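Here's a quick tour for anyone opening this one up for the first time. Have a look at the picture, then read on.

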Amino acid sequence: MRCAHWRRVPLDLAQEAREKSAATHIDRAVQCQLSAHDGCEHFGLLTDDGAYGTALWLRWYGTGEVKLVVLPDCPVVAPWPDGEGCCLFAGHAKQHTWKYTPEGASCTN
């Protein structure tokens with residue numbers, strides 16, 4: 001099960017995200033992509049930042065600090081043949097995305 005926390009993307013950070021990536025559209029709000037967790041640190045995927053193996057994320061702590069971070073992709077893939085790759089970042093806590101999304105689901109929000 002995915003974390004239920006959402007965060008609006010501040011206008012200045014949305015503009016900065018567009019400038020840092022090839023994306024022409026940045027969502028106005030993002031959901032934390034981690035599996036359900038008790039911590040205050042959340043990560044919402046904004047866009048693949050254009051560099052191979054990295055993505056641009058919105059990181060926030062509860063209702064406080066919000067910032068853009070570029071993180072390397074998680075290298076782990078599902079153990080079955082033709083296994084799907086994890087859609088999170090390297091070193092994330094808890095489960096990989098293929099453990100809590102139905103088989104065949106995509107990595108998009």
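Let's start inside: the largest nonpolar core of this predicted model has 28 residues. Val9, Phe43, Leu46, Trp57, Leu58 and Leu68 are the ones with the most contacts inside that core. At least two core residues come from each of α1 (11–20), β3 (41–48), β4 (54–61) and β5 (66–72). β4 gives the largest share, with 5 residues.

**The chain as a whole**

- The protein chain has 1 helix and 5 strands, and along the sequence they follow the pattern β-α-β-β-β-β.
- Of its 109 residues, 40% count as buried.
- Take the contacts in the protein chain with a separation of 6 or more: 38% of them are between residues 24 or more positions apart.
- About 6400 Å² of the protein chain is exposed, and 55% of that comes from carbon and sulfur atoms.

**The sheet**

- In what order do the 3 strands of the open sheet sit? They go β3-β4-β5, and the pairing is antiparallel.
- β3 and β5 are at the edges with a single partner strand each, so one side of each has no neighbour in the sheet.
- On average, neighbouring strands of this sheet are turned by 35° against each other, direction ignored.
- β3 and β4 run antiparallel and are joined by 7 bridges.
- Two residue pairs help you line up β3 with β4: Glu41 stands opposite Tyr61 in β4, and Asp48 stands opposite Ala55 in β4.
- On the other side of the pairing, β4 and β5 are antiparallel too, over 7 bridges.
- To line up β4 with β5, look for Arg59, which stands opposite Lys67 in β5.
- The hairpin of β4 and β5 has 4 residues between the strands, and Gly62 in this hairpin takes a positive phi near 50°.
- The helix joins in as well: α1 lies across β3, β4 and β5, and runs at about 25° to β5.

**A closer look at β4**

- Is β4 mostly covered or mostly open? It's mostly covered, with 7 of its 8 residues buried.
- Leu58 is one of the residues with the most contacts inside the largest nonpolar core.
- Even when you leave aside its neighbours within four places in sequence, Leu58 still touches a long list of residues, including Arg7, Arg8, Val9, Leu13 and Val30.
- Also among the contacts of Leu58 are His42, Phe43, Gly44 and Leu46, along with Val66, Lys67 and Leu68.

**Val30 and its surroundings**

- Val30, which is in contact with Leu58, is found in strand β2 (residues 29–31).
- How buried is Val30? Its relative accessible area is 0%, so Val30 counts as buried.
- Val30 and Arg7 are 23 residues apart along the chain, yet their C-alpha atoms are separated by 5.5 Å.
- Arg7 is also one of the residues in contact with Leu58.

**Salt bridges**

- How many salt bridges does the structure hold? There are 2.
- One of them brings together the side chains of Lys20 and Glu16, at 3.2 Å from N to O.
- Lys20 and Glu16 are both in helix α1, 4 residues apart, which is about one turn of the helix.
- Lys20 is partly exposed, with a relative accessible area of 44%, and Glu16 is partly exposed as well, at 30%.
- In another salt bridge, the side chains of Arg59 and Glu41 meet at 3.9 Å, N to O.
- Arg59 sits in strand β4 and Glu41 in strand β3, so this pair ties together parts that are 18 residues apart in sequence.
- Arg59 has a relative accessible area of 19%, so it counts as buried, because the cut-off for buried is under 20%.
- Glu41, its partner in the salt bridge, is partly exposed, with a relative accessible area of 31%.

Note on methods: Residues are numbered from 1 along each chain as its sequence is written. This is a predicted model: local features need pLDDT of at least 70, side-chain atom pairs count only at pLDDT 80 or more; totals for chains, interfaces and linings use all residues. Side-chain values use heavy atoms; hydrogens and water are left out. A nonpolar core is a set of buried Ala, Val, Leu, Ile, Met, Phe, Trp, Tyr and Cys residues joined through side-chain atoms within 4.5 Å. Buried means under 20% relative accessible area, exposed over 50%, partly exposed in between (1.4 Å probe, protein chains only). Contact means heavy atoms within 4.5 Å. Two strands pair if DSSP finds at least two bridges between them. Axes are lines fitted to C-alpha atoms, for helices over the stretch in contact, and angles run from 0 to 180 degrees between N-to-C directions. Accessible areas come from the Shrake-Rupley method with a 1.4 Å probe; for residues, only the protein chains shown count as cover. A salt bridge is a side-chain nitrogen of Lys or Arg within 4 Å of a carboxyl oxygen of Asp or Glu.
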